[in-house]
Amino acid sequence: MARVFVITGPSGVGKGTLIRGLMERHRELQLSVSATTRAPRPGERDGVDYHFLDREEFERRVDAGEFVEHADYAGRSYGTLRSELEGRVRAGAPVVLEIEVQGARQVRSSVPDAVQVFIAPPSLQALRTRLIGRGTDDPEEVERRLRVAAEELEAQPEFAHVVVNDRLQDALEQLTAVVADELEGRGTTLEAQPGKATTK
Ligand code: 5GP
């Protein structure tokens, strides 16, 4: 049975970097390309980093039932297209979704055996420093993302796996261990341990 891995946690926590490291170690993993209504950042490519859609097209696809999950985040819409997920799962490939917390909750209902990992920052202050340091968002957007982050952090206990990204290398080891255990059938699931937050 192909697995679905949901990697969630606040913006700026390092989900993207961790997933890149994870995918180098587990080459069989495939990354689902999300759809969004936000504008591309310099260097981002349509169909590679995101499917960039205007609001009308995004809404049309919502109405047509084309999303597995979708959510509004900091004033923009983001979502996972069924077409990204289902073909890969049918083909037996393990798929990684990099999504925010509301989307992760929706996947929990629609794909209950998905493996959900919450990436947490060592502190909100550390997150602020990273969001400013990566330079992709203007100061207003950084503040908007930090406000959302404070709420997202409260969701941590819902997740079977929590990895604190303090030192990147340690976090990558922990995330890789969770994924390896699941791929080899040794992992635990939220159903088995309701509400238990574990770092393996
Ligand atoms: P960014 O604008 O920084 O690329 O992404 C903002 C937030 O949206 C991040 O937390 C990112 O993980 C999340 N995100 C990206 N794609 C999706 C998606 O398909 N669904 C949901 N729910 N969130 C997403």
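Which pocket is the space taken by the ligand? In this predicted model, the ligand occupies the largest pocket. The shell around the ligand comprises 17 residues, of which Arg-38, Tyr-50, Tyr-78, Glu-100 and Arg-145 are the closest. By residue class, this shell consists of eight charged, five nonpolar and four polar residues. Two strands, S5 (67-73) and S6 (76-81), each contribute at least two residues to the shell.

Polar side chains approach the ligand at several points. For Glu-100, an N or O atom of the side chain is placed 2.7 Å from a nitrogen atom of the ligand. Oxygen atoms of the ligand are also approached: a polar side-chain atom of Lys-15 lies at 3.0 Å from one such atom, and a polar side-chain atom of Glu-98 likewise lies 3.0 Å from an oxygen atom of the ligand. On its own, the ligand has an accessible area of 510 Å², and the protein covers 96% of this area.

The model also contains an open sheet built from five strands, arranged in the order S2-S7-S1-S8-S9 with parallel pairing. Strand S2 (30-31) and strand S9 (161-164) form the edges of the sheet, each pairing on one side only. In general, the strands of a sheet pair through backbone hydrogen bonds, in either a parallel or an antiparallel sense. At one edge of the sheet, S9 is joined to strand S8 (residues 115-120) by four bridges in the parallel sense. Within this pairing, Phe-118 has Val-162 of S9 as its bridge partner.

Methods:
Residues are numbered from 1 along each chain as its sequence is written. This is a predicted model: local features need pLDDT of at least 70, side-chain atom pairs count only at pLDDT 80 or more; totals for chains, interfaces and linings use all residues. Side-chain values use heavy atoms; hydrogens and water are left out. A residue is near a molecule or strand if one of its heavy atoms lies within 4 Å of it. A polar contact is a pair of N or O atoms within 3.5 Å; within protein, one must be able to donate a hydrogen and the other to accept it, and residues adjacent in sequence count only if both atoms are side-chain atoms. Accessible areas come from the Shrake-Rupley method with a 1.4 Å probe; for residues, only the protein chains shown count as cover. On a 1 Å grid over the protein atoms alone, a cavity is a set of points where a 1.4 Å probe fits but cannot get out, and a pocket is an open set with protein on both sides within 12 Å along at least five of seven lines; lining residues have an atom within 4 Å of a point. A molecule sits in a cavity or pocket if more than half of its atoms lie within 2 Å of its grid points. Ala, Val, Leu, Ile, Met, Phe, Trp, Tyr, Cys and Pro count as nonpolar, Asp, Glu, Lys and Arg as charged, and the others, Gly among them, as polar. Two strands pair if DSSP finds at least two bridges between them.
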